[in-house]
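Open the model in your viewer and keep the residue selector at hand. The stops below go from one selection to the next.

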Amino acid sequence: MTWTLGMAWKMLPLLLLPVYLCVAERHIVYWNQSNSALLQEDYTLDVRLNDHLDILCPHYPPSVLAHPAPPEEYTLYLVGSEEANHCRVGARDPVRWECRRPHAPHGPETFSEKIQRFTPFSLGKEFREGQVYHYISKSVHRRHDPCLRLRVFVKTSNGAENHIEHQTIAAKPVADQPARELPNTQKSTGASSALAPSLGVALLLLLLPLVMS
């Protein structure tokens, strides 16, 4: 059978479809008390190497600028399992991010962590397959705020589910939409990953031969 340019165009989407279905995902977590999942001790986010973890800080609309209560502001740490269980920060646990701009005009501050095996940056974090990493936060102004915590499990390429707890040296989110509402904080309304846009690109490739025929 002789391959023609038209046949190649028609086969290209089928060849590229697995690539688009296996792209890295972006996992969005709204870090505020309205996200009730962060109040659970076992809330776990399953990720893979090359995925991105996006943390969206608390954000308040302009209408609550004059509210007498202090806004939610946090310092986020990467800690070991023992520290996460007791919601405490060890002397050598690194600060990952600081959510200190709750009234930012452009919207909530966003911090991103790439789940990667190696990083060229001194402040970057290197992750290992099969290990569990723990993020917790400490409130800047509200000493009696509940503990917010997140477990991140890096899945292995072969699908094994053996969890190894990460100790610091020196699941897809259930839902970001809160079960209860706090009047002063922005609710979580985003998607949990970037897989949907990739499926849209794949669909576009499938329709491309029909357009060009």
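Is arginine 26 buried, partly exposed or exposed? Select arginine 26: with a relative accessibility of 32%, this residue counts as partly exposed, where buried means under 20% relative accessible area, exposed over 50%, and partly exposed in between (1.4 Å probe, protein chains only).

Before moving on, note that this is a predicted model, in which local features need pLDDT of at least 70 and side-chain atom pairs count only at pLDDT 80 or more, while totals for chains, interfaces and linings use all residues. Residues are numbered from 1 along each chain as its sequence is written, and side-chain values use heavy atoms, with hydrogens and water left out.

**Salt bridges**

The structure has four salt bridges, each a side-chain nitrogen of Lys or Arg within 4 Å of a carboxyl oxygen of Asp or Glu. Add aspartate 54 to the selection: its side chain meets that of arginine 26 in one of these, at 2.9 Å from N to O. Aspartate 54 belongs to strand S3 (residues 52–56) and arginine 26 to strand S1 (residues 26–30), 28 residues apart. Strands (E, at least two residues) and helices (H or I, at least four) are DSSP runs, numbered from the N terminus. Aspartate 54 is buried, at 7% relative accessibility.

Next, select glutamate 113 and arginine 96, whose side chains form a salt bridge of 2.4 Å, N to O. This pair connects strand S6, which holds glutamate 113, with strand S5, which holds arginine 96, 17 residues apart. Glutamate 113 is buried at 4%, and arginine 96 is buried at 17%.

**Aromatic rings**

Keep arginine 96 and add tryptophan 97. The charged end of arginine 96 sits over the ring of tryptophan 97, 5.7 Å from its centre; for this, NZ of Lys or CZ of Arg must be within 6 Å of the ring centre and within 35 degrees of the ring normal.

There are three aromatic pairs. Rings of Phe, Tyr and Trp (its six-membered ring) pair if their centres lie within 6.5 Å; planes under 30 degrees apart count as stacked, over 60 as edge-to-face and the rest as tilted. Add tyrosine 135: its ring and that of tryptophan 97 are stacked, because their centres are 5.7 Å apart and their planes at 10°. Tyrosine 135 is buried, with a relative accessible area of 0%. Adding Phe111 completes a cluster of Trp97, Phe111 and Tyr135, linked by ring pairs.

Last, select phenylalanine 127 and tyrosine 133. Their ring centres are 4.8 Å apart and their planes at 70°, so this pair is edge-to-face.
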